[in-house]
Amino acid sequence: MDLSGIPPHMAQLFVDHEPDPLERLSHKILNLVRDHLVFKMPYFNRAILKMPEYYYLPEDFSGWLDREGQPAIPAGMGTNGQVLFVNPDALIEGYKESPERICHTYLHLLLHCIYRHPFQYEKLDMEAWDLASDLAAEDRLLSLELPETALEDDGRRRSVLGELSETVGKLTAERIYHSLRENEDLREDLLKNKDLFHFDLHQFWMSSQKEGNGESNQDGRMIMADPDTEESWKKIGAQTKLNISNKEENMGMTPNDLVSEINEVSRDDKDYTDFLLGFARMTEEVHLDPDSFDYIYYHYGMELYGNLPLIEPLEYRDAPKIRDFVIAIDTSGSCQGNAVRAFLNRTYSILKNTEIFTQRMNLHIIQCDCEIQKDVRIEDEEDFDRYMQSIEIHGGGGTDFRPVFSYVKDQVNKGEYYALCGLLYFTDGLGMFPEEEPDFKTAFILKESGGVYPETPDWALTYQLSGQEMEELELASDSQPRQGVLM
């Protein structure tokens, strides 16, 4: 048996053996369920066929039993994105009682993987994330309205999800997670109904070799993020979205929530990286350039003269760099501190990891609502780390973008910048724009406001951060120490 897809701390549970009759029967049931779903939902084919392997949980595996020794999950299934783990006894009994429940559970597992719930985050409040991801998966599953997955208690699930959407809005796992963390009453109410939404074992998302963040019902678990597996599910999600979109377009239908959410989840961080690289300028830097000389002549000179190469390598190279830069932060009431921190974390992480900043930088971080509140100059990475650890948001009034542009223009005239590469303005876009185009490159990083993005001047670049994207950034920012680096 190939144990490569099994978390290391669970590999000891499995031994090579010939499948017994119950295991063979459970395998036939899963093949039947899979084939049925492939027939009913051809747009899910790649996702369904992504999990062809089954590993059988031994009877003494405690993860699928509750404290009274009863099955905690009627279907006895779970996945880490690579492998489908099954308890044959639970699966067979569950199928006898309700074939629809097994189909329901299988589809629930697929939606977890398509939305990459097992891979996205480390060091979370796992009680909240377990519940949030289950709620989001069930919301999408019920929207498909498949008779083959319909259960008697679906009405109760729809009722709970309907009330939750009135409070939270669009039911993504990230948005639900934030609400659970911020609203203790909501959390307590939903936890009372958690068994209504919990269909699969989440233990396979975790690795006991790592530690959690010690918050709220932690038991030493942390999500086991396999980059290769996550990347393959990312591609599968994109293909699934395309398949559904083509089907709906051919039928004259508008894209549904399943498509829009996959589209948001599949958005690549590379988009924003490329956007930032557009502000860099080619600059000479001290660095050996091994591609700038011919090794044959170099070697010939060393052999002929002993220690005198005919051609020396260039000790500099041209590279895209940013030295002088401005990041402006809209600190009006619509932009909260957590969102600001998340945006700065992401931006700095990309700038640092792409080595786009020079060793000595001249970065100004300007906070402004209707007037300039604070200007902090950052000269190196240590400055930025200190700033992120002690950042304070100043302002909270109305929004006017013009003071920042006037202020930066005055700084340029005073020689504060050697060669200003540009200005990033993080905002919801609801404010007064300058009438004239500035002499420096400008981009507005727009935070979604009420599901829409405001119009910006023609001379400005824009990058739109969706509500889903901002929630993911804030979630990742919350889950790590305040180090100023978001990975």
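Which residues form one aromatic cluster together with Y425 and F444? In this predicted model, the cluster consists of F401, F405, Y425, F433, F440, F444 and W459, and it offers a good place to begin looking at the aromatic rings.

A pair of aromatic rings is described by the distance of the centres and the angle of the planes. With ring centres having to lie within 6.5 Å to count as a pair, the structure contains 16 aromatic pairs. One of them joins Y348 and F384, whose ring centres are 4.0 Å apart and whose planes meet at 5 degrees, so this pair is stacked. The two partners come from distant parts of the chain, since Y348 belongs to helix α14 (residues 337–353) and F384 to helix α15 (residues 381–389), with their positions 36 residues apart in the numbering. Both Y348 and F384 are buried.

Returning to the cluster, we find that Y425 and F444 also make a stacked aromatic pair, with 5.7 Å from centre to centre and 25 degrees between the planes. Here too distant parts of the chain are linked, but the elements are strands: Y425 is in strand β8 (residues 420–427) and F444 is in strand β9 (residues 442–447), 19 residues apart. Y425 is buried, and F444 is buried as well.

Elsewhere, the surface deserves attention. A negative patch is formed there by E184, D185, E188 and D189. Of these residues, D185 can be placed in helix α8, which covers residues 184–191. The relative accessible area of D185 is 55%, and because exposed means over 50%, D185 counts as exposed.

Terms used. Residues are numbered from 1 along each chain as its sequence is written. This is a predicted model: local features need pLDDT of at least 70, side-chain atom pairs count only at pLDDT 80 or more; totals for chains, interfaces and linings use all residues. Side-chain values use heavy atoms; hydrogens and water are left out. Patches are made of residues with over 30% relative accessible area and no salt bridge: like charges are joined within 9 Å, nonpolar side chains (Val, Leu, Ile, Met, Phe, Trp, Tyr) within 5 Å. Accessible areas come from the Shrake-Rupley method with a 1.4 Å probe; for residues, only the protein chains shown count as cover. A salt bridge is a side-chain nitrogen of Lys or Arg within 4 Å of a carboxyl oxygen of Asp or Glu. Lys and Arg count as positive and Asp and Glu as negative; His and the chain ends are not counted. The place of a charge is taken as NZ of Lys, CZ of Arg, CG of Asp or CD of Glu. Helices (H or I, at least four residues) and strands (E, at least two) are DSSP runs, numbered from the N terminus. Buried means under 20% relative accessible area, exposed over 50%, partly exposed in between (1.4 Å probe, protein chains only). Rings of Phe, Tyr and Trp (its six-membered ring) pair if their centres lie within 6.5 Å; planes under 30 degrees apart count as stacked, over 60 as edge-to-face and the rest as tilted.
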